[in-house]
Amino acid sequence: MTQPDDLKQLARKIALLNAVKHEGKADAGAVTGRILGERPDLKANAKDVMKSVAEAVKEVNEYTVAEQRSIIEENWPELLAEKRIKEEKILPPLPNVDKYRTVVTRFSPNPDCVLHLGSIRAIILSHDYARMYKGQFILRFEDTDPRLKKSVLEYYDLIREDIRWLECEWDQEFIQSDRISIYYEYAEKLLEIGGAYVCTCKKEDFSEKVLAATPCPCRDLSADENQARWKRMLNGTFNEGDAIVRVKTDLAHSNPAVRDWPALRIIDTKRSPHPRVRSRYRVWPLYNFACGVDDHLMGVTHIIRGKEHVTNMVRQRYMYSHLGWNYPEAIHYGRLKIAGAALSKSKIIRALTDGFAKDFSDPRLGTLIALRRRGITPEALRKIVIEVGPRPVDATLSWDNIYAYNRKIVDSRANRYFYVENPVPVSVSGVSRTYISKPLLHPSYPERGNRKLEVEPIKNEARLLISKKDFASLRKGQVVRFMELFNVTVDKIVENRVQASFHSEPYDEARKLNASLIHWLPEVGNLRVNVVMPTMEISEGVGEQGLKQEAKDQIVQLTRFGFGRIDEVTQDLVKIYYAHN
Ligand SMILES: [Zn+2]
């Protein structure tokens with residue numbers, strides 16, 4: 001009788017689990033009992049089971065507990081998940097929560113681009129903190145720059161989709177371009193109380209003055225004169241660039257960029273119409289003003305954002321103090337850099353306008369759309385963000401970190417299939433009968449069932465396919481095992497084909513000979529498969545028919561090739577986006 005590879009695997013897994021529970025010593029009786037309990041279908045092969053268990057126990061008991069654990073961790077990480085949940089990091093508490101009735105946080109994207117990896121920290125932290133304190137999470141579109149950071153209508157929806165994908169559903173949504181009259185109201189109030197003024201100086205003249213910490217002539221105008229200038233901004237007497245509302249600060253502030261910062265300016269929306277409100281408004285608030293007014297009016301209690309915003313806080317505090325408002329708690333975290341990823345909106349947009357990328361799902365862009373398409377899971381991204389937390393120090397992640405987190409999540413979900421890239425034919429002589437190989441869909445979940453690959457020899461010769469890469473590694477005289485099938489001896493390698501002969505069937509033989517394990521497919525009856533790689537190169541080959549049963553968006557593991565997401569299934573082609581190995 002033979003011992004199928006999957007039974008060996010199962011015995012080894014159960015023996016390892018049993019061993020770590022019992023100070024490193026697995027018990028053959030207990031292991032056999034558990035296997036037969038999980039797989040009653042194996043009762044008919046009790047002898048095989050016992051033999052496999054005896055071998056597995058012998059092997060496993062030679063390791064230390066630490067070694068046993070690391071083997072489990074490596075092969076079946078989901079089995080230790082229980083332990084990991086207990087160790088899982090939780091976010092450190094927010095400051096001064098008791099000061100507020102409800103915690104309110106916000107994420108405020110500018111819809112001038114879709115979201116990329118650089119945004120996940122702000123979204124996930126703001127959302128998860130709101131949930132942690134049973135508070136409110138606000139989504140606010142900051143779309144008040146129709147000229148330089150022009151929003152694009154379809155991005156509002158793409159951003160909503162990105163945030164939903166991250167499982168960060170929001171409680172309230174605001175769009176700043178709907179709130180222009182509110183900003184006018186507070187601009188007028190500031191002008192009235194002397195907290196702001198309308199400056200008509202030339203840009204260079206103002207800069208010169210402010211660098212010298214001296215006021216420009218507009219700073220001391222009366223409230224009436226300011227109101228008159230403000231009207232001229234609104235009614236079109238002033239043109240783009242003629243006048244700007246500035247918020248008064250300490251002119252001697254150590255950072256000149258803080259001094260009397262610009263709050264509202266004129267944009268010729270006849271020339272640069274806004275995608276939502278077209279040319280309805282010509283005076284538009286700048287970032288610090290609109291954001292500062294909104295945070296107060298929306299009751300935001302905790303602002304969680306990158307430390308590049310620290311200066312903005314300093315600016316906004318002046319406005320808050322003019323208006324008698326209390327500034328929210330501000331948590332500024334460090335930069336989360338991804339080594340090797342071009343994470344900036346401008347680079348992403350340029351890639352599209354240059355024609356380098358066809359759309360936002362191009363895996364080279366690092367957009368959330370692209371990550372989603374590749375099968376990177378929101379769970380993996382959340383784990384990374386929680387792990388790093390809101391610390392102010394910079395952190396650098398590599399793609400490998402992201403892949404490692406994702407692998408732990410998708411490993412248990414992904415069914416296994418053989419995919420043969422750039423197939424090369426192999427003929428095997430001496431195959432005396434039809435072989436039906438039934439590899440498990442998932443080695444740790446036998447209940448999911450088996451795949452079925454049939455090898456039917458013609459005149460004792462079987463014809464198989466292997467990948468070009470495996471082909472290149474073959475040497476004459478070598479014994480290799482075709483996974484879950486049989487072992488062969490390589491007899492002859494000719495250009496782009498291999499002649500081999502049947503060696504033996506048991507996996508044990510292969511192990512004794514230290515034979516390489518390679519995956520394969522029958523020569524006929526396969527599906528055409530294209531795998532879109534992270535470089536956008538297309539890997540072409542053939543795959544098992546069973547791949548067709550996988551739904552779109554499913555993550556699969558192509559044995560010895562890597563994980564990927566099913567992108568498209570048509571009659572004769574399956575398209576997969578590669579995630580990682
Ligand atoms: Zn001025």
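How many of the five residues of strand S8 are buried? Hi everyone, let's start there. Strand S8 covers residues 302-306, and five of its five residues are buried, so to speak a mostly covered strand. Please keep in mind that we are looking at a predicted model.

Who is the neighbour of S8? Strand S9, residues 329-333, pairs with S8 in the parallel sense, over five bridges. If you want one pair to find on the screen, take Gly-306, whose bridge partner in S9 is Tyr-333. As a reminder from the textbook, strands of a sheet pair through backbone hydrogen bonds, either parallel or antiparallel.

Now let's look at strand S18, residues 479-482. Both of its faces are covered. Val-479 and Arg-481 sit on one side, Val-480 and Phe-482 on the other, and all of them are buried. S18 also has two partners to look at. With strand S19, residues 487-494, S18 runs antiparallel, and three bridges join them. Here Val-479 has Thr-489 of S19 as its bridge partner. The hairpin of S18 and S19 has four residues between the strands, and in that hairpin Glu-484 takes a positive phi near 60 degrees. With strand S21, residues 516-518, S18 pairs in the parallel sense, again over three bridges. There, Phe-482 is matched with its bridge partner Ile-518.

Next, a sheet. Strands S4, S5, S6 and S7 form an open sheet in that order, with antiparallel pairing. S4 (196-199) and S7 (283-285) are the edge strands, each pairing on one side only. From one strand to the next, the twist averages 20 degrees. Helix H8, residues 180-193, packs on this sheet and touches S4, S5, S6 and S7. The direction of H8 makes about 85 degrees with that of S7. Within the sheet, four bridges join S4 to S5, residues 244-247, and Ala-196 stands opposite Val-247.

On to the metal. Which residues hold the zinc ion as its protein donors? They are Cys-199, Cys-201, Cys-216 and Cys-218, each through its SG atom, at 2.3 to 2.4 Å from the zinc ion. Along the sequence, these donor residues follow the spacing C-x1-C-x14-C-x1-C. The angles among the four donor atoms are 101 to 115 degrees, and the site is tetrahedral. For comparison, the ideal angle for four tetrahedral donors is 109.5 degrees. Two of the donor residues, Cys-216 and Cys-218, are buried.

Let's turn to helix H2, residues 28-38. Val-31, Thr-32, Ile-35 and Leu-36 are buried there. Why do they count as being on the same side of H2? Because they cover an arc of only 125 degrees around the axis. The general rule helps here: an α-helix has 3.6 residues a turn, so residues three or four places apart point the same way. On the other side of H2, Gly-29 and Gly-37 are exposed. Among the elements covering the buried residues are helix H1 (5-21) and helix H3 (46-60).

Finally, two loop residues. Glu-167 lies in the loop between helix H7 (153-165) and strand S3 (172-175), and its phi is positive, near 60 degrees, although it is not a glycine. Arg-278, in the loop between S6 and S7, also has a positive phi without being glycine, near 50 degrees. Is Arg-278 buried, exposed or partly exposed? At 46% relative accessibility, Arg-278 counts as partly exposed. Glu-167 is partly exposed too, at 46%. Thanks for listening!

Definitions and conventions. Residues numbered from 1 in each chain as written. Predicted model: local features only at pLDDT ≥ 70, side-chain atom pairs only at ≥ 80, totals over all residues. Heavy atoms only, no water. Donors = N, O, S within 2.8 Å, 3.2 Å for Na, K, Ca; no water. Tetrahedral: all angles 85-135°; square planar, octahedral: opposite > 155°, others 65-115°. Buried < 20%, exposed > 50% of the residue type's maximum accessible area, 1.4 Å probe, protein only. Arc of directions from axis to C-beta. Contact = heavy atoms within 4.5 Å. Pairing = 2+ DSSP bridges. Axes fitted to C-alpha atoms, helices over the stretch in contact; angles between N-to-C directions.
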